[in-house]
Amino acid sequence: MDFEDSDEGDEDWSKPVNDGDGSFCSNTRNSPKVSDLNFPKKISTDIEHPRTIIHIDMDCFYAQVEMIRNPSLRHVPLGIQQKHIIVTCNYPARAIGVTKLMTIKDAKTKCPSLIMVSGEDLTEYRKMSYKISEYLLKYTKKIERLGFDENFLDVSELVNSRVSKESPSQFSGHLYGIQDNKADLSGLKQCGCGCYQRIMLASNIAQEIRDGLYNDLGITCCAGISYNKLLAKLAGEKHKPNKQTTLLPEFTLQLLHSLPSTRNIPGIGYGMSKRLRVLDIDSVLDLYNYNQEKLITEFGQQTAKFLKDISAGIDHTPVVRYGLPQSISDEDSYRDLNNIKDIEKEIDILVDNVLKRVVEDGRNPQTLRVTIRKSILKDDKLVIDYGNRESRQCPLSQTIFNNKDTSTWKTPIVELAISLLNKMVDVTKPFHLTLINICFTKFLKTCSKDISTFFSSPNSKPTNSENDEFFTQRTSSSTKISPAKGIESFFANNPTLNFHKEKRDIKAVGRQNGMVGFFKNGGKRKESESNKNNDDSKRAKLDTIFLLTHQSHQFLIHQNYKI
Ligand SMILES: [Mg+2]
Ligand SMILES: [Zn+2]
């Protein structure tokens, strides 16, 4: 049986699509001033940049949702709390020095007047997130969600249909590389493929979208506009909050090569950046200049090509339309769960949480999966092995869901989850668990009234329920994430794996900062609705995590953190 959405190791890696875009004009300049522009000597007449992509990223998303629910929070410093950390905060709080992933204690020291709102219950964020995607569907069906607060839009068709009629004359928002975007752009020679006009029009569309989101939903966001996903995302980060930045092919290398670390490229994770550093590759420019043959020797043909491409801004990965989540799960991490009573209590809580969302979703799951992570004994000390997760799964009898009283569903599922756990843990001997994940998958399609059905993708086929024979399947016991796969996953069809990796990293961040209690018993609760093609929630605040993971991992390696 093919089990999609396994946490790691068995992903279906999609190959880059050779749809011809992603080339770049290889000319960069040091000065961004229009007057100094120095144009490519040879401009191709082929369509080098056929796609037009917009990346939309909500500003401090959870904080905004809370401010919309309670406008009195708008002008006071506001932090959103999960366990003992601030997961995000509004701009008044940032002005006083509060940052994402700061401990509550540190945040309160920095800003005694900080108002804290619990962000443990994601329901309102999820609702707003779907409203946003629903709004974006007005512009294109090609929308890819990335977490709750980011969306890629492939607006190529819309742009092509409008560009001849509208012939736009100016860019909206910032233009990367041009210091004053009001400057006379007449000297800016256009790429021969016509992308200049298309990207200009897309910048106007992005402005329209952002105005619309604000008028309809009261929410502000940033946008990046370019000709592939990588560049749209990187461009959008240039001016924040509530701003937008357009990147023309001419300025691609200038932007990429201004990035001080390969980690600034979304999808280059800690493992890969570490391997690159061994080769003296620190910045994106180092990577760009590095000998291709040596890179192939080190990483193999495919990954070397991927790295070279990305250092030059070449990204062919399509915007993948998302469908309904293919799994709904919840997990928690623990300092040390070592008796069956505590485990039963935790499983009860997790199943309860996931079932609430299954009821909301409206479809019945056919498979239950339990994943655990054990501590391992190293030099007589218990050490978390972050790469070591173990799972068991079994079919769910559909008779459970026939009972209209949804409160009856929990007991048989908790029992089933415990029986799965017993297959992985011999509870008659000492054991130490640091994580439990409860996941429902293989959903049966029903006529749900849920908003998410609106996003039904052609690939979310109903699955058959014939397979009722009880079985268990061992998945990914001690699977390490390959960095090579990890980086590609970001831009491939399935970013899930990478986000799982980052998910672990956020916990490591907590440890590094010595956040006692971050792991509660504990850790940071993570809810997820994942999809073959995208992941709806794991990336709550990935941009920050990207910055922090590096150090935390080093810490774990050097200090061999002890429980
Ligand atoms: Mg955001
Ligand atoms: Zn072009």
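This passage describes the confidence, the metal sites and the aromatic contacts of a predicted model. The mean pLDDT of the protein is 74, with 68% of its residues at 70 or more. Two segments remain under 50 in pLDDT, namely residues 1-45, for which the model has 133 contacts beyond four places in sequence, and residues 532-563, for which the corresponding count is 112.

The magnesium ion (ligand 1) is coordinated at 2.1 to 2.3 Å by Asp57 (OD), Met58 (O) and Asp149 (OD), and these donor residues follow the spacing D-M-x90-D in sequence. Distant parts of the chain are linked in this way, since Asp57 belongs to strand S1 (residues 53-58) and Asp149 to the loop between strand S6 (143-146) and strand S7 (150-154), 92 residues apart. Both aspartates, Asp57 and Asp149, are buried.

The zinc ion (ligand 2) has as its protein donors His49 (ND1), Cys191 (SG), Cys193 (SG) and Cys195 (SG), which lie 1.9 to 2.3 Å from the metal. The arrangement is tetrahedral because the four donor atoms subtend angles of 105 to 113°; the ideal angle for four tetrahedral donors is 109.5 degrees. Along the chain the zinc donors are spaced H-x141-C-x1-C-x1-C. His49 is found in the segment before S1 and Cys191 in the loop between strand S8 (174-175) and helix H6 (195-217), so that this pair ties together parts 142 residues apart in sequence. His49 is buried, at 0% relative accessibility, and Cys191 is likewise buried, with a relative accessible area of 9%.

Five aromatic pairs are present in the structure. The pair formed by Tyr135 and Tyr139 is tilted, because the ring centres lie 6.2 Å apart and the planes meet at 45°; Tyr135 is buried at 9% relative accessibility, as is Tyr139 at 14%. The pair formed by Phe171 and Tyr196 is edge-to-face, with ring centres 5.4 Å apart and planes at 85°. Phe171 lies in the loop between helix H5 (156-166) and S8, whereas Tyr196 lies in helix H6, so the contact joins parts that are 25 residues apart in sequence, and both Phe171 and Tyr196 are buried. A single aromatic cluster is formed by Phe61, Tyr62 and Tyr125.

Charged side chains also lie over aromatic rings: Lys229 is placed over the face of Phe152, at 5.3 Å from the ring centre, and the charged end of Arg363 sits over the ring of Phe443, 4.5 Å from its centre. In helix H9 (residues 270-278), the buried residues include Tyr270, Gly271, Met272, Ser273 and Leu276, and the helix is followed by Asp280, whose phi is positive, near 65°.

Terms used. Residues are numbered from 1 along each chain as its sequence is written. Chains are lettered from A and ligands numbered from 1 in the order in which they are written. This is a predicted model: local features need pLDDT of at least 70, side-chain atom pairs count only at pLDDT 80 or more; totals for chains, interfaces and linings use all residues. Side-chain values use heavy atoms; hydrogens and water are left out. pLDDT is the predictor's confidence in each residue, from 0 to 100. Contact means heavy atoms within 4.5 Å. Donors are N, O and S atoms within 2.8 Å of the metal (3.2 Å for Na, K and Ca); water is not among the atoms, so sites may look incomplete. Helices (H or I, at least four residues) and strands (E, at least two) are DSSP runs, numbered from the N terminus. Buried means under 20% relative accessible area, exposed over 50%, partly exposed in between (1.4 Å probe, protein chains only). Four donors count as tetrahedral if all angles lie between 85 and 135 degrees; four count as square planar and six as octahedral if opposite donors are over 155 degrees apart and all others between 65 and 115; anything else is irregular. Rings of Phe, Tyr and Trp (its six-membered ring) pair if their centres lie within 6.5 Å; planes under 30 degrees apart count as stacked, over 60 as edge-to-face and the rest as tilted. A charge sits over a ring if NZ of Lys or CZ of Arg is within 6 Å of the ring centre and within 35 degrees of the ring normal.
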